[in-house]
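Biologist: Could you take me through one part of this model up close? I'd like to hear about a single strand, what it pairs with and what packs around it.

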Amino acid sequence: MRPVVRFDLSAIPSATNLVSATAWFFVHSEDQSGQPIDAYRITSDWAEDTVNWIGLNDQYHDVAVGSFTAAVKRTWTSVDLGDATRAWIDGPHANHGVMLIPSSSDNKSEFSSRASVPASRGACLHGVLTCD
């Protein structure tokens with residue numbers, strides 16, 4: 001499975017100094033392999049109601065923008081997406097979000113989405129910013 005997620009950054013002014021940005025994911029089903037999950041910047045647009053990882057299979061940058069593990073179920077895990085978020089706010093990259101790709105096929109992690117119950121367990125992005 002290769003989950004994709006995109007965060008709405010439209011309310012952040014372009015003159016913003018982003019100090020940090022951390023993406024949080026709620027682990028629905030943990031991974032016992034201990035292998036990391038890498039976040040890759042998606043390079044093409046997609047729609048939430050029609051997206052699947054097969055359609056986006058080769059539509060991501062080949063260098064991970066972050067990495068994390070999901071070893072404990074029913075907990076939150078995080079990944080630093082500061083550099084990727086800065087590039088989305090300031091350019092040069094369009095905000096198409098990230099694809100989460102396990103580094104091993106043995107990794108069976110599953111994450112809650114905003115369609116999950118409760119909806120508050122969907123992915124979120126916490127940023128620290130200052131405005132000039």
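Modeller: Sure, and keep in mind that this is a predicted model. Let's start with the pairing of strand 3 (37-42) and strand 6 (98-102): the two run antiparallel and share 5 bridges. One example is Asp 38, whose bridge partner in strand 6 is Ile 101.

Strand 6 has another partner too. Strand 1 joins strand 6 through 2 bridges, again in the antiparallel sense. Here Val 4 has Met 99 as its bridge partner in strand 6, while Val 5 is bridged to Val 98.

Now put that into the sheet. It is an open sheet of 4 strands, ordered 1-6-3-4, with antiparallel pairing. The edges are taken by strand 1 (4-5) and strand 4 (60-68); each has a single partner strand, so one side of each has no neighbour in the sheet. As for strand 6 itself, 4 of its 5 residues are buried, so the rest of the structure largely encloses it.

What is it packed against? Strand 6 is one of the elements giving two or more residues to the largest nonpolar core, along with strand 2 (16-29), strand 3 and helix 1 (82-90). Strand 2 is the top contributor, with 5 residues. The core has 20 residues, and those touching the most other members are Phe 25, Phe 68, Leu 81, Val 98, Leu 100 and Phe 111. So Val 98, the bridge partner of Val 5, turns up again in this list.

Leu 81 is a handy place to see how the pieces come together. Leaving out residues up to four places away in sequence, Leu 81 touches Phe 7, Ala 21, Thr 22, Ala 23, Ala 39, Val 65 and Val 98. There is also a second, separate core of 6 residues, and Met 99 belongs to it, as do Tyr 40, Trp 46 and Leu 56. Met 99 is the residue we already met as the bridge partner of Val 4.

Helix 1 has its own set of buried residues: Gly 82, Ala 84, Thr 85, Ala 87, Trp 88 and Ile 89. After the helix comes Gly 91, with a positive phi near 85 degrees.

Back on strand 3, have a look at Arg 41. Arg 41 is buried but makes no salt bridge, and the nearest side chain of opposite charge, that of Asp 62, lies 7.4 Å away. What the Arg 41 side chain does have is a polar contact of 3.3 Å with the side chain of His 93. Not counting residues up to four places away in sequence, Arg 41 touches Tyr 60, His 61, Val 65, Trp 88, His 93, Gly 97 and Val 98. Trp 88 is among the buried residues of helix 1, and Val 65 and Val 98 are also touched by Leu 81.

Last stop, just past the strand: Asp 106 sits in the loop between strand 6 and strand 7 (110-111). Asp 106 is exposed, at a relative accessible area of 53%. Setting aside neighbours within four places in sequence, Asp 106 is in contact with Asp 31 and Ser 33. Its C-alpha atom is 8.2 Å from that of Gln 35, although the two residues are 71 apart along the chain.

Technical notes: Residues are numbered from 1 along each chain as its sequence is written. This is a predicted model: local features need pLDDT of at least 70, side-chain atom pairs count only at pLDDT 80 or more; totals for chains, interfaces and linings use all residues. Side-chain values use heavy atoms; hydrogens and water are left out. A nonpolar core is a set of buried Ala, Val, Leu, Ile, Met, Phe, Trp, Tyr and Cys residues joined through side-chain atoms within 4.5 Å. Buried means under 20% relative accessible area, exposed over 50%, partly exposed in between (1.4 Å probe, protein chains only). Contact means heavy atoms within 4.5 Å. Two strands pair if DSSP finds at least two bridges between them. Lys and Arg count as positive and Asp and Glu as negative; His and the chain ends are not counted. A salt bridge is a side-chain nitrogen of Lys or Arg within 4 Å of a carboxyl oxygen of Asp or Glu. A polar contact is a pair of N or O atoms within 3.5 Å; within protein, one must be able to donate a hydrogen and the other to accept it, and residues adjacent in sequence count only if both atoms are side-chain atoms.
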